[in-house]
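The following note is meant for a colleague who is looking at this structure for the first time. Please keep the sequence and the model side by side while reading the numbered points.

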Amino acid sequence: MATSVRYRIREAVPEDVPSVLAMIKELAVNQGFDESAAQLTEETFLRDGFSSPGSKLFNLLAVDCHKESGISLVGYAMYFFTYSTFEGKMIYLEDVYVRAEHRNQGVGKAIFVTVSKIAERESCCRIAFSVLDDNVVAKKFYDGLGVITESEWIHQKLNRSGISRLAAARSDQSIELPF
């Protein structure tokens, strides 16, 4: 007799944090980094994602797998609201992760459907996200969803040392800074 498997996407709760942090380490390894690249602590994650609604920095969806043997957390999606100067409110989808043994079951698509419903409900103009250039499997999956690949934008960042270096710099003396 075949085992019945069902998936459920829900808003994450603080009790999910240890499992999500473990999956973030898995994601780092899957992306070619050492798991130590995932430096978030449980305390920071709880503060930033589960504080009062006005100070919460991100939203988190959890994916449960329901089997006869029990329920386990097998995926997550992290997103936050941001703003496009041309179009208005939007969602940035920071992570979508589904454990390897649960891929190709429709879970990834269900996560995107869920985030799209949230975007529609919140009157967002778009959902933006990034994919590693060499992640051929993910890019093929996104193509199947009808995602538009932007080739005209190059994403850049300042890491912690770059932020510190720039924050310590002096500006032109004729420009008054607010801090």
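1. A search of the whole structure, which is a predicted model, finds nine salt bridges. One of them is formed by R8 and D64, whose closest N and O atoms are 3.8 Å apart. Because R8 lies in strand β1 (residues 6-11) and D64 in strand β2, the pair ties together parts that are 56 residues apart in sequence. The two partners may be read with their accessibility in mind: R8 counts as partly exposed at 41% relative accessibility, whereas D64 is buried, with a relative accessible area of 5%.

2. A second salt bridge is the one between R99 and E26, with the closest N and O atoms 2.8 Å apart. This pair also links distant parts of the chain, since R99 sits in the loop between β4 and α3 (107-121) and E26 in helix α1, 73 residues apart. R99 is buried, with a relative accessible area of 18%, while E26 counts as partly exposed at 26% relative accessibility.

3. R126 and E87 bring their side chains together in a further salt bridge, at 2.6 Å from N to O. Here the link runs between two loops, with R126 in the one between α3 and β5 (127-128) and E87 in the one between β3 and β4, and the two residues are 39 apart in sequence. R126 is partly exposed, its relative accessible area being 30%. Which residues are joined into one network by salt bridges that share partners? They are R8, R10, D16 and D64.

4. The strand that carries D64 deserves its own point. Eight of the nine residues of β2 are buried, so this strand is largely enclosed by the rest of the structure. On one hand β2 pairs with β1 in the antiparallel sense, over six bridges, and within this pairing Y7 has C65 in β2 as its bridge partner. On the other hand β2 is joined to β3 by nine bridges, again with the strands running antiparallel, and D64 stands opposite L73 in β3. The connection from β2 to β3 is a hairpin through two residues.

5. Turning to the helices, α1 (residues 17-30) has 14 residues and reaches 20 Å from its first C-alpha to its last, close to the 20 Å expected at 1.5 Å a residue. Its buried residues are V17, V20, L21, M23, I24, L27 and A28. Because they cover an arc of only 160° around the axis, they lie on the same side of α1. The general reason for such spacing is that an α-helix has 3.6 residues a turn, so residues three or four places apart point the same way. The cover over the buried residues of α1 includes α2 (42-50), β2 (59-67), β3 (70-84) and β4 (88-98). After the helix comes G32, whose phi is positive, near 90°.

6. Helix α3 can be checked in the same manner. At 1.5 Å a residue, its 15 residues should span 21 Å, and its end C-alpha atoms are 21 Å apart, which agrees. V107, G108, I111, F112, V115, I118 and A119 are the buried residues of α3. Their arc around the axis is only 140°, which puts them on the same side of the helix. Against what do these buried residues of α3 pack? They pack against β1, β2, β3, β4, β5 and α4 (136-145). The face of α3 turned away from its buried side carries the exposed residues K109, K117, E120 and R121, and just after the helix S123 takes a positive phi of about 55°.

7. A last point concerns the chain as a whole. Its secondary structure comes to five helices and five strands, and from the N terminus on the elements run β-α-α-β-β-β-α-β-α-α. The C-alpha atoms fill a box of roughly 75 × 35 × 35 Å, taken along the principal axes. Of the 179 residues of the chain, 30% count as buried, and the accessible surface comes to about 13000 Å², of which 52% belongs to carbon and sulfur atoms. Among contacts between residues at least 6 apart in sequence, 55% join residues at least 24 apart.

Terms used:
Residues numbered from 1 in each chain as written. Predicted model: local features only at pLDDT ≥ 70, side-chain atom pairs only at ≥ 80, totals over all residues. Heavy atoms only, no water. Helix = DSSP H or I, 4+ residues; strand = E, 2+ residues; numbered from the N terminus. Expected span 1.5 Å × (residues − 1). Buried < 20%, exposed > 50% of the residue type's maximum accessible area, 1.4 Å probe, protein only. Arc of directions from axis to C-beta. Contact = heavy atoms within 4.5 Å. Salt bridge = Lys/Arg side-chain N within 4 Å of Asp/Glu carboxyl O. Pairing = 2+ DSSP bridges. Areas by Shrake-Rupley, 256 points an atom, 1.4 Å probe, with all protein chains shown as cover.
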